[in-house]
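Subject: Structure for your files

Hello,

The structure we talked about is below, and my notes on it follow. Please read them with the model open.

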Amino acid sequence: MQVNANNSCFLPTDGNIWTVHGIWPTKSGTRGPWNCNTNRFNESLIKEIESDLKQRWVNIENNTKPLSFWEHEWQKHGTCAQVLPVLNTELKYFSKGLEWNHMFNIHKLLLSSSIIPSLSGYTIEKIYSSIRNVLNHNPIMQCVIDKHTKESLLSEIQLCFDRALNMMDCDSVKELFDQVVKVGSVLTDCSLKKVVVYPSNVLPTHPPDVVRSDVRATIDDLLENRNYWITIYKTVKFLIWATI
């Protein structure tokens, strides 16, 4: 996102939630498929789960249409997921993302290994093993780099499933993501040489000129006041490794 005063972000009111990025069906050994049919997104079909989607499958960009993220995910990925009967409608597709988001509660999984949001950071091996040891499958962990401090910030965890929607290791999927490497059993693009910050969008302090009561702030505010808090859009992506 471009940094300017006209851009702003929306984050979930619960800063511990890892929100859904998407459910991405994948052909063996390739990226995609994408945009598999012309079934257009229809908000009325997901009205019954929309309140949960707003907290757990969040459109972070305030300046875009409220439904634009869901529309994008459905048309690019959901239309391809329709090959599976359990995901063959808009309601089933988005409901499955919410179901998995509740089932695989990343915050609680990390907390079970005493890993909490912290600016002090952890080794990526420690974060990775805390998830791997509970799920018994290898995820993929990705980071973003803070351009000001050069810190590596944990931003996304990807969980992989086979065509029957049974969880599987992500080892065979890592080639689909630029810069993801495997070191030992760790699949990541995060720094292996220094600690990785596990950020939170829960504020330790609330400077009144920085953060409004609705937990929205401009990108400029965040950058100029980064000593007060650190925020990152933490997401979990579900990859279906299906030859379709």
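**Helices α2 and α3**

Helix α2 (residues 68–81) has 14 residues, which at 1.5 Å a residue should span 20 Å, and its end C-alpha atoms are 19 Å apart, so the two values agree. The expected span is 1.5 Å times one less than the number of residues in the helix. Helices (H or I, at least four residues) and strands (E, at least two) are DSSP runs, numbered from the N terminus.

Before going further: this is a predicted model, in which local features need pLDDT of at least 70 and side-chain atom pairs count only at pLDDT 80 or more, while totals for chains, interfaces and linings use all residues. Residues are numbered from 1 along each chain as its sequence is written, and side-chain values use heavy atoms, with hydrogens and water left out.

α2 bends by about 40° at glutamine 75; the bend is the angle between axes fitted to the seven residues ending there and the seven starting there. Of its 14 residues, 10 are buried, so α2 is largely enclosed by the rest of the structure. Buried means under 20% relative accessible area, exposed over 50%, and partly exposed in between (1.4 Å probe, protein chains only). The buried residues of α2 include Trp70, Trp74, Gln75 and His77.

Another residue of interest is threonine 38, in the loop between β2 (19–26) and α1 (50–56). Threonine 38 counts as exposed, at 68% relative accessibility. Its C-alpha is 7.7 Å from that of glutamine 75, although the two residues are 37 apart in sequence.

α3 also has 14 residues; the expected span is 20 Å and its end C-alpha atoms are 20 Å apart, which agrees. Among the buried residues of α3 are Glu90, Tyr93, Phe94, Lys96 and Trp100.

**Rings and core**

The whole structure holds eight aromatic pairs. Rings of Phe, Tyr and Trp (its six-membered ring) pair if their centres lie within 6.5 Å; planes under 30 degrees apart count as stacked, over 60 as edge-to-face and the rest as tilted. One of the pairs is tyrosine 93 with phenylalanine 94, edge-to-face, with 5.1 Å centre to centre and 85° between the planes. Tyrosine 93 is buried at 0% relative accessible area, and phenylalanine 94 is buried at 0% as well.

Phenylalanine 104 and phenylalanine 161 form a tilted pair, 5.9 Å centre to centre with 50° between the planes. This pair links distant parts of the chain, 57 residues apart: phenylalanine 104 is in the loop between α3 (90–103) and α4 (106–111), and phenylalanine 161 is in strand β5 (residues 152–162). Both phenylalanines, 104 and 161, are buried.

Ring pairs also link Phe41, Trp57, Trp74, Tyr93 and Phe94 into a cluster. Elsewhere, the charged end of lysine 76 sits over the ring of tryptophan 34, 5.0 Å from its centre (the criterion is NZ of Lys or CZ of Arg within 6 Å of the ring centre and within 35 degrees of the ring normal).

The largest nonpolar core has 54 residues, and Trp57, Phe94, Ile127, Leu154, Leu159 and Phe238 touch the most other members. Domain 1 (1–104) and domain 2 (117–199) both give residues to this core, so it lies between them. Such a core is a set of buried Ala, Val, Leu, Ile, Met, Phe, Trp, Tyr and Cys residues joined through side-chain atoms within 4.5 Å, and the domain bounds come from an automatic or database assignment.

**Loops**

Asparagine 136, in the loop between α5 (124–135) and β4 (140–145), has a positive phi, near 60°. Asparagine 136 is exposed, at 51% relative accessibility. Lysine 150, in the loop between β4 and β5, has a positive phi too, near 70°. Most residues other than glycine have a negative phi.

Lysine 234 lies in the loop between α6 (219–224) and β11 (235–241) and counts as buried at 3% relative accessibility. Lysine 234 and glutamate 156 are 78 residues apart in sequence and 5.7 Å apart in space, C-alpha to C-alpha.

Regards
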